[in-house]
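Colleague: Mind walking me through this one? I'd like to go from single residues out to the whole fold.

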Amino acid sequence: MCQTRESCESSEEAASSIAQANLESSGIIRAAIGASIAIALVGFLVLLLAIPFPDVIFIPSFGATATLIFMCPGSPYAQPWPAIGGNAMAASIGVLIATAVHIPILNVALSVGLTLISISLSRAFHPPAGAVAVTAAMSGDVGFTHGFLFVIVPVTVGMSLIVVVRALLARVTGDRYPRQLSCRRLRQG
């Protein structure tokens, strides 16, 4: 989580250098294959579970999350808690707001704002979560009960699957994922 512009810039520099290192090696091929496998598995799982959202097999932000997790696995935003927890919170907030507020622009705006507060306070800051909040808020017609099924599948289960595939890839390739962050680093942002 970035508290100041300097901490955001240093996090972005770290993520950029990690991505650059991947571009300079065969890491980009491994990342592309891993991300493709993870996204395909999420799609198959959602279809198998036959959730009541026939139009929502994939959430566009899953691509952003997969890119972050597979290309920048050392980023604090790519760790399991921010990826899974941040997206689950965003989906929950989007569903709650969509069922309570019936003005589309307002429910999307509130969902994103409350998501930002929630993921920041819980140290689950994951930039693609904002898009999950928008997706959940825009599907307000699915209702409260079905909306929370959306939080479970595809969001929480999908994110968990992406994280598991990344962890398995790390074991196969000798990479480190998830990265353990010290408590000091978490407090600093």
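Colleague: Let's start small: in which helix is the place of Asn107?

Modeller: Keep in mind that this is a predicted model. Asn107 falls within residues 104-121, and that stretch is helix H5.

Colleague: Is Asn107 buried or exposed?

Modeller: The cut-off for buried is under 20% relative accessible area. Asn107 comes out at 5% relative accessibility, so the call is buried.

Colleague: Which residues is Asn107 in contact with, leaving aside its neighbours within four places in sequence?

Modeller: With those neighbours set aside, there are still partners on either side of Asn107 in the numbering. They are Ile97, Ala98, Val101 and Ala137.

Colleague: What do the buried residues of H5 pack against?

Modeller: Asn107 has company here: Ser111, Thr115, Ile119 and Ser120 are buried in H5 too. Residues three or four places apart on an α-helix point the same way, because there are 3.6 residues a turn. In this model, the buried residues of H5 pack against helix H4 (80-100) and helix H6 (129-138).

Colleague: How far does H5 reach from its first C-alpha to its last?

Modeller: H5 has 18 residues. At 1.5 Å a residue you'd expect 26 Å, and the model is close to that. The computed reach is 26 Å.

Colleague: Which residue just after H5 takes a positive phi?

Modeller: Look just past the end of H5 for a phi of about 60 degrees. The residue is Arg123.

Colleague: Which residues form an aromatic pair, and is it stacked or edge-to-face?

Modeller: The count comes to one aromatic pair. Its ring centres are 5.4 Å apart, with 65 degrees between the planes. Planes over 60 degrees apart count as edge-to-face, so Tyr77 and Phe125 are edge-to-face.

Colleague: How many residues apart are Tyr77 and Phe125?

Modeller: Tyr77 sits in the loop between helix H3 (61-71) and H4, while Phe125 is in the loop between H5 and H6. The pair therefore links distant parts of the chain, and Tyr77 is buried at a relative accessible area of 10%. The separation is 48 residues.

Colleague: Which residues do the salt bridges join into one network?

Modeller: The structure holds two salt bridges. Arg166 pairs with Asp175, the closest N and O atoms being 2.4 Å apart, and Asp175 also meets Arg179 at 3.4 Å, N to O. Sharing partners, these bridges make one network of Arg166, Asp175 and Arg179.

Colleague: Is Arg166 buried or exposed?

Modeller: Its partner Asp175 is partly exposed, with a relative accessible area of 30%, and Arg179 is partly exposed at 25%. Arg166 has a relative accessible area of 2%, so Arg166 is buried.

Colleague: What about the outside: how much accessible area does the nonpolar patch on the surface have?

Modeller: The patch is formed by Ile28, Ile29, Ile33, Ile37, Leu41, Phe44 and Leu47. Take Leu47, which lies in helix H2 (residues 27-49) and counts as exposed at 53% relative accessibility. Together, the patch residues have about 660 Å².

Colleague: Zooming out, how many helices and strands does the secondary structure come to?

Modeller: From the N terminus on, the elements run α-α-α-α-α-α-α-α. That comes to eight helices and zero strands.

Colleague: And what share of the 189 residues is buried?

Modeller: The protein exposes about 9700 Å², with carbon and sulfur atoms supplying 68% of it. Buried residues make up 41%.

Key
Residues numbered from 1 in each chain as written. Predicted model: local features only at pLDDT ≥ 70, side-chain atom pairs only at ≥ 80, totals over all residues. Heavy atoms only, no water. Patch = residues over 30% accessible without salt bridge, like charges linked within 9 Å, V, L, I, M, F, W, Y side chains within 5 Å. Areas by Shrake-Rupley, 256 points an atom, 1.4 Å probe, with all protein chains shown as cover. Salt bridge = Lys/Arg side-chain N within 4 Å of Asp/Glu carboxyl O. Helix = DSSP H or I, 4+ residues; strand = E, 2+ residues; numbered from the N terminus. Buried < 20%, exposed > 50% of the residue type's maximum accessible area, 1.4 Å probe, protein only. Contact = heavy atoms within 4.5 Å. Expected span 1.5 Å × (residues − 1). Phe/Tyr/Trp six-rings, centres within 6.5 Å; stacked < 30°, edge-to-face > 60°.
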